[in-house]
Amino acid sequence: MKTLLKFAFKRRFLNKMTIILQVLFILIVCTVFYMDKISEFFNLDFHQPIEIKIENTLRKEIKNEDEWKSQGFVFTNNSDSIEISKVDNVYQICNVQELSIQQRIYDLLLRNHKRSLENENNLDWLEKYNTIHVEFIDSKLDENTFKQQIIILFLTSIYFMMLNFIAVNSNEIIMEKTSHMIPIILSSVKIRIHFLTKLIIGFCSVLFQIISSIGIVGLIGFLRYKLDQGQGLIRLILKFLPIQIDDFNITELFKLLDFKTSDFYLVLLGLLFILLGIFLIQICILILSSKVKTMEEAASIQGPFYLILLIIYYLALSLNTTHALSSGLGYILSFVPIFSMLIMPMRLLTSHVMPIELVVSILFTIALISLIFIVLYPQYESGLKNER
């Protein structure tokens, strides 16, 4: 088994295509983290501030001009730019169609309005005027939607990343069968060892891809942080996304996300459900592949699996609300194996999940994996024995 694992790892990771793909991934990540520098070097429009023409009388009323600059706006006399005027205490804004830019301009004007009130009125009265005290009983108070979206994006990225490895073991078995290598391999190892080796290799490949990808992104992100704390990149992001932060660097962005130790545990739990679901699918494809003799037949088997996984993904997105995941179909599917690998992580992020519910969902998946081993493994044995 050790020799078979060593040979499989060497064939899968130490090949030209794998190295080329890793280099391409590194280049893509570098491009994302240094997009502002690339835009500036090639004189693209990405890093250019958005020009705003504002009448002189109104500009004198602007108390937060530095905030406008930090948000990627610059005041100008160019008549082709965005125009802001004020008629009868109503702001009129022309030449802007993007909703995100409209939202940012509105927020900046509102901040300026509040700052003007602070200069003209009693601060204590203003604070009482803008503040109410509310107490929620038995409710989740801290709802950082942006943070939840980032975590869900991370988990679904891993989900699609692992789809690439589902068919790898299947294709290897087909290749071994078509090249008549199966009889040679089974002369040295038992069928059970061959089966376990394929599972170990596939699972380790997934873990290697996850760890290496996180490591590459983390290292390049750390280097960018050391360069200028990512200020230029954050300004570029804020040009297209209506995110409000006071200072433009990665440190402030992490403060906005407000990651906690509990969030780290939630990500690990979500990753565990995804790994178990992918492991279950990998076993099913592996057993079915033992009955296949050509690559064309393998493609006909893999196609439905990819379709099922896409259905699960879009179903999970449609149910990604607290109410839908806490009752009805979303609640039931969080315990169903395969469906639970995305539904349960989303439940963890949107509502409180009891520990007993997590244990039951995991046990259902493990029970189905065990059942497949007992019922379908003989089919794998018979499929390989026919090649001897």
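**View 1. Ile52 of strand β1 meets its bridge partner Ile82 in β3.** What you see here comes from a predicted model, as do the other views. Strand β1 covers residues 50-54 and strand β3 covers residues 82-87; the two run parallel and are joined by three bridges. On its other pairing, β1 is linked to strand β2 (residues 73-76) by four bridges, and these two strands run parallel as well. Look for Lys53 in this view: its bridge partner in β2 is Thr76, and Lys53 also stands opposite Glu83 in β3.

**View 2. Side chains along β1 take turns between two faces.** In a regular strand, side chains alternate between the two faces of the sheet. Which residues of β1 point to one face and are buried? They are Ile50, Ile52 and Ile54. Glu51 and Lys53 point to the other face and are not buried.

**View 3. β3 and β4 make a hairpin.** Strand β4 takes in residues 90-94, and it pairs with β3 in the antiparallel sense over five bridges. One pair to pick out is Lys86 with its bridge partner in β4, Tyr91. Two residues sit between the strands, and Asp88 in the turn has a positive phi of about 55°. As background, most residues other than glycine have a negative phi.

**View 4. The largest nonpolar core has 42 residues.** Here's a good place to zoom in on Tyr159, Phe195, Ile283, Met341, Leu342 and Tyr380, the residues with the most contacts inside this core. Eight helices are worth tracing around them: α8 (145-178), α9 (182-186), α10 (191-228), α13 (261-289), α14 (295-318), α15 (322-326), α17 and α18 (355-385) each give at least two residues to the core. Which helix brings the largest share? That's α13, with eleven residues. Now pick Phe195 and see what it touches beyond its neighbours within four places in sequence: Ile283, Leu286, Ile287, Phe373, Tyr377 and Tyr380. Apart from the largest core lies another one, of 15 residues, including Ile50, Trp68, Ile82 and Ile105. In soluble globular proteins, nonpolar side chains tend to be buried together.

**View 5. Helix α17 is largely enclosed by the rest of the structure.** Why say so of this helix? Because eleven of the eleven residues of α17 (residues 340-350) are buried. Among them are Met341, Leu342, Ile343 and Pro345, along with Ser340, Arg347 and Thr350. Just off the helix, in the loop between α16 (328-333) and α17, you'll find Ile338. Ile338 has a positive phi of about 80°, although it is not a glycine. Ile338 counts as partly exposed because its relative accessibility is 23%.

**View 6. Arg347 and Glu357 meet in a salt bridge.** Side chains of opposite charge can pair when their charged atoms come close. In this pair the side chains are 3.0 Å apart, N to O. The salt bridge links distant parts of the chain, with Arg347 in helix α17 and Glu357 in helix α18, ten residues apart. Are the two partners buried or exposed? Both Arg347 and Glu357 are buried. The count for the model comes to one salt bridge.

**View 7. Ile200 is in contact with the residues Met1 and Leu5.** Ile200 lies in helix α10. Follow the chain from Leu5 to Ile200 and you pass along 195 residues, yet their C-alpha atoms are separated by 8.3 Å. Ile200 counts as partly exposed because its relative accessible area is 31%.

**View 8. Seven residues form a nonpolar patch on the surface.** The members are Met17, Ile19, Ile20, Leu21, Val23, Leu24 and Leu27, and together they have about 650 Å² of accessible area. Take Leu24 as a starting point: it is found in helix α2 (residues 16-33). With a relative accessibility of 43%, Leu24 counts as partly exposed.

**View 9. The whole chain has 18 helices and four strands.** Step back from the close-ups for a moment. Of the chain's 388 residues, 40% count as buried. Its accessible surface comes to about 22,600 Å², and 64% of that belongs to carbon and sulfur atoms. Among contacts between residues at least 6 apart in sequence, 75% join residues at least 24 apart.

Conventions:
Residues numbered from 1 in each chain as written. Predicted model: local features only at pLDDT ≥ 70, side-chain atom pairs only at ≥ 80, totals over all residues. Heavy atoms only, no water. Patch = residues over 30% accessible without salt bridge, like charges linked within 9 Å, V, L, I, M, F, W, Y side chains within 5 Å. Areas by Shrake-Rupley, 256 points an atom, 1.4 Å probe, with all protein chains shown as cover. Salt bridge = Lys/Arg side-chain N within 4 Å of Asp/Glu carboxyl O. Buried < 20%, exposed > 50% of the residue type's maximum accessible area, 1.4 Å probe, protein only. Core = buried A, V, L, I, M, F, W, Y, C linked by side-chain atoms within 4.5 Å. Contact = heavy atoms within 4.5 Å. Pairing = 2+ DSSP bridges.
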